[in-house]
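Let's take a walk through this fold together, one piece at a time. Have the model open and follow along.

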Amino acid sequence: MRYAILGDIHANKAALDAVLKDIAIVGVDRILSLGDVVGYGAAPQETIKTLREIDAVVIRGNHDEACAGMIEPVFFNHNARAAVLWTKSVLTPNERGWIQDLPLTVDLDECSLAHGTYDHAQEFRYLTSVASAQGSLDSMPRPICFVGHTHLPLVVVQTERAPEQLSRPLATKIRLDDIRRAVINPGSVGQPRDENSRAAWGLFLPDEATYELRRVEYDIEQEAHRIRAAGLPAFLADRLHLGI
């Protein structure tokens with residue numbers, strides 16, 4: 001099997017379209033989405049429609065829950081809250097129901113999926129370091145778990161040779177032969193925050209025991225214009241150019 005791993009699309013149609021073109025060139029068997037399909041961006045309906053059409057495996061994130069009316073965005077910043085309120089106003093009952101039916105975690109044959117951490121999926125905790133990965137490494141039922149939420153690419157691994165020592169490989173392509181367990185964040189499709197404005201996605205090839213972080217150029221100004229035209233905060237458009 002060949003998997004494409006998509007984190008935090010956030011209703012960015014131009015970025016999603018560019019990533020799907022790259023995926024088509026590489027060739028995969030299944031596309032997995034790590035939640036936060038909507039929120040921030042101005043193309044929530046188009047994003048949901050695309051994911052449904054390609055039969056992606058999708059879990060839900062905290063922005064998804066807020067936009068579907070499952071939680072109140074009381075802890076969201078004012079830009080995020082504005083996007084939630086706008087998104088709630090444009091989603092249809094069918095689209096909200098689709099989000100509400102998404103699972104918090106998924107366990108496939110070769111990997112697990114969670115939005116924040118696997119061990120406290122409902123709490124949407126941030127996995128940002130080796131220390132914060134420990135709970136997921138201890139609880140996930142598969143050797144590999146993909147997470148999103150932070151919008152930052154990250155790999156934390158536990159090897160067979162030194163299981164007591166966790167490490168963070170920095171290479172964009174890593175071998176998984178000697179991996180006992182690994183938590184991997186492929187970054188964000190629709191709102192990268194690592195000061196790299198290109199859309200990010202992960203290519204997981206379990207048969208070849210490899211994982212690769214891929215970056216894709218897309219028409220940022222097209223998406224920024226869409227955000228401004230929807231009346232959303234200008235910062236949500238401007239940040240796309242900066243990768244923050």
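What follows goes from two helices to a sheet, and then to a few loop and surface residues.

A word on ground rules: this is a predicted model, so local features need pLDDT of at least 70 and side-chain atom pairs count only at pLDDT 80 or more, while totals for chains, interfaces and linings use all residues. Residues are numbered from 1 along each chain as its sequence is written, and side-chain values use heavy atoms, with hydrogens and water left out.

Start with helix 2, residues 44-53 (helices are DSSP runs of H or I with at least four residues, strands are runs of E with at least two, and both are numbered from the N terminus). Its buried residues are P44, T47, I48, T50 and L51. They sit on the same side of helix 2 because they cover an arc of only 160° around the axis. Here buried means under 20% relative accessible area, exposed means over 50%, and partly exposed is in between, using a 1.4 Å probe and protein chains only. The arc is taken from the directions that run from the helix axis to the C-beta atoms. That kind of spacing is familiar: an α-helix has 3.6 residues a turn, so residues three or four places apart point the same way.

Flip to the other side of helix 2 and you'll find K49 and E53 exposed. The cover over the buried residues of helix 2 includes helix 1 (13-26), strand 2 (30-33), strand 3 (57-58), helix 4 (78-90) and helix 5 (93-100). Zoom in on T47, which counts as buried because its relative accessibility is 1%. Leaving out residues up to four places away in sequence, T47 touches I9, A11, N12, L16 and V37, where contact means heavy atoms within 4.5 Å. Just after helix 2, look for D55, which takes a positive phi of about 55°.

Helix 6 can be read in a similar way. Its buried residues are A133, S136 and L137. Viewed down the axis of helix 6, they fall within an arc of 100°, so they line one face of the helix. The face turned away from that buried side carries the exposed residues A131 and D138. Strand 7 (154-159), strand 8 (166-167) and strand 10 (179-185) are among the elements that cover the buried residues of helix 6.

Those strands lead us to the sheet. Six strands form an open sheet in the order 4-5-6-10-7-8, with mixed pairing. Strand 4 (105-107) and strand 8 stand at the edges with a single partner strand each, so one side of each has no neighbour in the sheet. Two strands pair if DSSP finds at least two bridges between them; strand 4 and strand 5 are antiparallel over three bridges. In that pairing, T105 stands opposite A114 in strand 5.

T105 also turns up among the contacts of A121, along with L104, once neighbours within four places in sequence are set aside. A121 is in the loop between strand 5 (112-114) and helix 6 (130-139), and it counts as buried because its relative accessibility is 14%.

Another loop residue is P153, between strand 6 (144-146) and strand 7. P153 is partly exposed, at 25% relative accessible area. Beyond its neighbours within four places in sequence, its contacts include N185, P186, G187 and D194.

Finish at L242, in helix 8 (residues 234-242), which counts as exposed because its relative accessibility is 52%.
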